[in-house]
Amino acid sequence: MSRNPADYIHNPGPKTPVTGLKTAVTTDNAIVTETIMNVLNSGGNAADAVIAGAMVQAAVEPFMTNHAGLVTMLYYEAKTGKVHQLDSLGGHASGLPPFKPVPPGMGGYAAMPPSAIIPGFMPGLKAIHAKFATKGWAELCEDAVRWAETGHVVSTFEYGVNLFGEKFITYFPEGRAFYQPQGYFPNVGETFTPPGMAATMRGVRDEGPDYMISGPWAEAFVAKGNDLGWKVTMDHMTETPPRWVDPLRFEYNEYELLFLGPPQAQGFFSSVALGVLKHLGIRDMEPGSAEHFWAMGHALRQGARHWEYAHDDQFYDVPRAEVIDDDYHAHLAKLIRGSRPKVDMSEHIRLAGDASGGGDMMSQFAGGAGKPRLAKHEEKQPTGSCEIAVVDAEGNWCQFMDTLQGSGIPGQVVGGVPMVGSHATFGHLQSPMDATLLKGAKARCIIGNTLVLKDGKPVFSAGSPGNIHCTLPQVLTHLLDFKLDPYAAVDAPRMLPMTESRTVVIEDRLRDGVVEDLHKLGVRVGAVSGYDYHMGSFSVIARDEESDTLTAVADPRRMAVADGVPA
């Protein structure tokens with residue numbers, strides 16, 4: 001490889017979409033995009049490409065994902081027109097209570113310390129390979145081995161994320177040895193070679209995915225768990241296998257939207273939010289207006305109220321039809337319209353306080369009594385996921401997520417594979433991540449793999465890490481309702497759902513007058529950075545219906561890189 005390792009760093013900032021393509025790729029990292037392009041150019045299909053890409057992703061971005069996490073995928077099979085959903089979240093070991101070796105307060109997880117969970121990453125890639133791949137397993141692992149051996153150059157983004165999670169990832173000596181091999185985090189521009197990972201990658205290449213499922217790595221994982229007091233067994237490693245299930249299908253105007261079905265919660269959230277927006281008349285609103293943000297804030301709030309109905313349908317009745325019912329969405333929209341302020345609420349906001357919680361005195365400190373302002377409000381969410389989108393020359397279309405969420409033993413490193421654990425609760429209705437402690441049960445999570453079909457063929461795919469629950473409906477609204485071009489749809493400011501205090505938190509790129517207009521509607525406004533990486537890094541591929549060519553989009557919020565082969 002003659003390329004300068006530093007050339008692989010594509011820092012957050014404006015990105016140029018890649019257009020006029022017959023094959024398309026977009027990922028969170030230039031190295032991963034290169035690997036996938038090499039697989040496609042050597043005759044591999046989308047499944048081959050995503051396997052190789054995911055293996056490399058966890059080798060070069062262990063601060064975002066790892067080989068012991070989870071895998072989900074939507075796969076449009078061109079020859080049949082069928083869409084397949086893979087759910088490869090790991091399971092909590094049956095017969096054992098949740099095991100939480102990291103106490104509350106470590107690394108910002110005070111409210112919900114993570115619990116240990118059986119990995120789903122390698123079983124998921126094994127299932128994809130068995131069902132769709134055309135290339136041999138060992139060949140698809142070669143790049144992961146090479147990058148684990150040579151290491152990668154540290155970016156400002158990686159260094160910042162490591163500092164963000166330092167208290168958690170260095171709690172155990174194993175974490176310090178992995179992330180800080182010289183006693184400190186490798187600095188920006190230095191090469192980080194993940195200690196111990198190359199040997200594990202060679203084992204996975206030479207012995208297959210079972211090396212980490214039932215082979216030597218799995219045995220070391222079980223031994224580590226037992227040493228810590230988690231009495232996990234080798235039988236637990238295979239008791240919750242990957243599952244091929246039907247995605248959730250939602251009719252939205254002229255489109256059919258396919259989301260991950262229950263127990264994954266994103267489909268329910270997005271269907272409700274988009275259904276409400278449709279009946280609020282989102283298509284007649286001006287993008288970026290106060291009316292738009294008012295409607296979006298309320299719709300996202302309604303979406304969040306439906307997490308509790310997303311369960312594993314092998315253990316619960318799941319009201320799919322009821323949650324996506326158009327009449328139900330119309331009724332929710334009627335409730336929202338019926339509670340709209342009848343008078344200008346600006347004076348109430350001035351006296352009661354803005355998003356910072358202060359009253360009139362706070363406004364004076366901000367630069368004048370009654371003067372609207374954006375109060376800084378940072379969402380400190382655990383981060384760590386990577387989205388991959390691939391379309392191959394045959395028209396197979398893959399939207400894929402791998403993540404450190406739901407990965408192994410919190411804070412531990414086994415065979416050069418760092419782990420974070422699961423943030424699931426256990427039986428909580430309103431938790432977006434929740435698990436049922438029964439053998440074989442799949443946990444609920446929020447993962448946004450999405451395909452958009454028109455006349456039975458894909459026209460868009462989308463997915464992202466980072467607050468995906470609320471950002472996905474926004475990107476889809478920009479694409480499908482406002483008809484923005486794909487990059488503009490990804491670039492546009494994103495927001496969090498309206499809170500109990502009628503506050504909406506938006507990226508700080510609003511037009512003049514929008515804050516004042518939201519205050520008139522009784523909505524408080526808070527801000528995050530103009531391009532906030534917690535708001536995600538969308539991987540979007542779009543198909544032009546006239547030319548039948550593809551556009552691949554890389555999100556400006558992180559280090560994403562798009563590429564493809566010209567048509």
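Where is Lys 483 found? Lys 483 sits in the loop between helix H17 (468–480) and helix H18 (486–491). Helices (H or I, at least four residues) and strands (E, at least two) are DSSP runs, numbered from the N terminus.

Before going further, a word on what you're looking at. This is a predicted model, where local features need pLDDT of at least 70, side-chain atom pairs count only at pLDDT 80 or more, and totals for chains, interfaces and linings use all residues. Residues are numbered from 1 along each chain as its sequence is written, and side-chain values use heavy atoms, with hydrogens and water left out.

## Unusual backbone angles

Most residues other than glycine have a negative phi, and most peptide bonds are trans. Here are two residues with a positive phi, side by side. For the last column, buried means under 20% relative accessible area, exposed means over 50%, and partly exposed is in between (1.4 Å probe, protein chains only).

| Residue | Phi | Loop | Relative accessible area |
|---|---|---|---|
| Asn 253 | near 50 degrees | between strand S7 (248–252) and S8 | 37%, partly exposed |
| Lys 483 | about 60 degrees | between H17 (468–480) and H18 (486–491) | 45%, partly exposed |

There's a peptide bond to spot as well: a cis one joins Pro 262 and Pro 263, with omega about 15 degrees. Look for Pro 263 in the loop between strand S8 (255–259) and helix H11 (266–280).

## Helix H1

Now take helix H1, residues 30–41. The expected span of a helix is 1.5 Å times one less than its number of residues. For the 12 residues of H1 that gives 16 Å, and the end C-alpha atoms are 16 Å apart, so the two agree.

Is H1 enclosed or open? Since 10 of its 12 residues are buried, H1 is largely enclosed by the rest of the structure. Among the buried ones are Ala 30, Ile 31, Val 32 and Leu 40. What do they pack against? Their partners include strand S1 (18–27), helix H2 (46–60), helix H4 (137–150) and strand S20 (561–566); contact here means heavy atoms within 4.5 Å.

Asn 29 caps the N-terminal end of H1, with a side-chain oxygen 2.8 Å from the backbone nitrogen of Ile 31. After H1 comes Gly 43, whose phi is positive, near 100 degrees.

Ile 31 turns up again beside His 152, a residue of strand S4. Leaving aside neighbours within four places in sequence, His 152 is in contact with Ile 31, Ala 59, Val 60, Pro 62, Glu 158, Glu 190, Thr 191 and Phe 192. His 152 is buried, with a relative accessible area of 4%. Its side chain also makes a polar contact with the side chain of Glu 158 (3.0 Å). A polar contact is a pair of N or O atoms within 3.5 Å; within protein, one must be able to donate a hydrogen and the other to accept it, and residues adjacent in sequence count only if both atoms are side-chain atoms.

## Two nonpolar cores

A nonpolar core is a set of buried Ala, Val, Leu, Ile, Met, Phe, Trp, Tyr and Cys residues joined through side-chain atoms within 4.5 Å. The largest one has 78 residues, and Leu 125 and Phe 400 have the most contacts inside it. H2 supplies the largest share of this core, 11 residues. A second, separate core of 67 residues includes Leu 257, Trp 294, Ala 462 and Leu 479.

Who touches Leu 125, leaving aside its neighbours within four places in sequence? The answer is Ile 51, Ala 54, Met 55, Val 71, Trp 137 and Phe 400.

## Strand S15 and its partners

Strand S15 (residues 457–462) is mostly covered, with five of its six residues buried. Two strands pair if DSSP finds at least two bridges between them. S15 pairs in the antiparallel sense with strand S14 (residues 450–454) over five bridges, and also in the antiparallel sense with strand S18 (residues 539–543) over two bridges.

Follow Phe 460 to see both pairings: Val 452 stands opposite Phe 460, and so does Ala 542 in S18. S14 and S15 form a hairpin with two residues between them, and Asp 455 in the turn has a positive phi of about 55 degrees.
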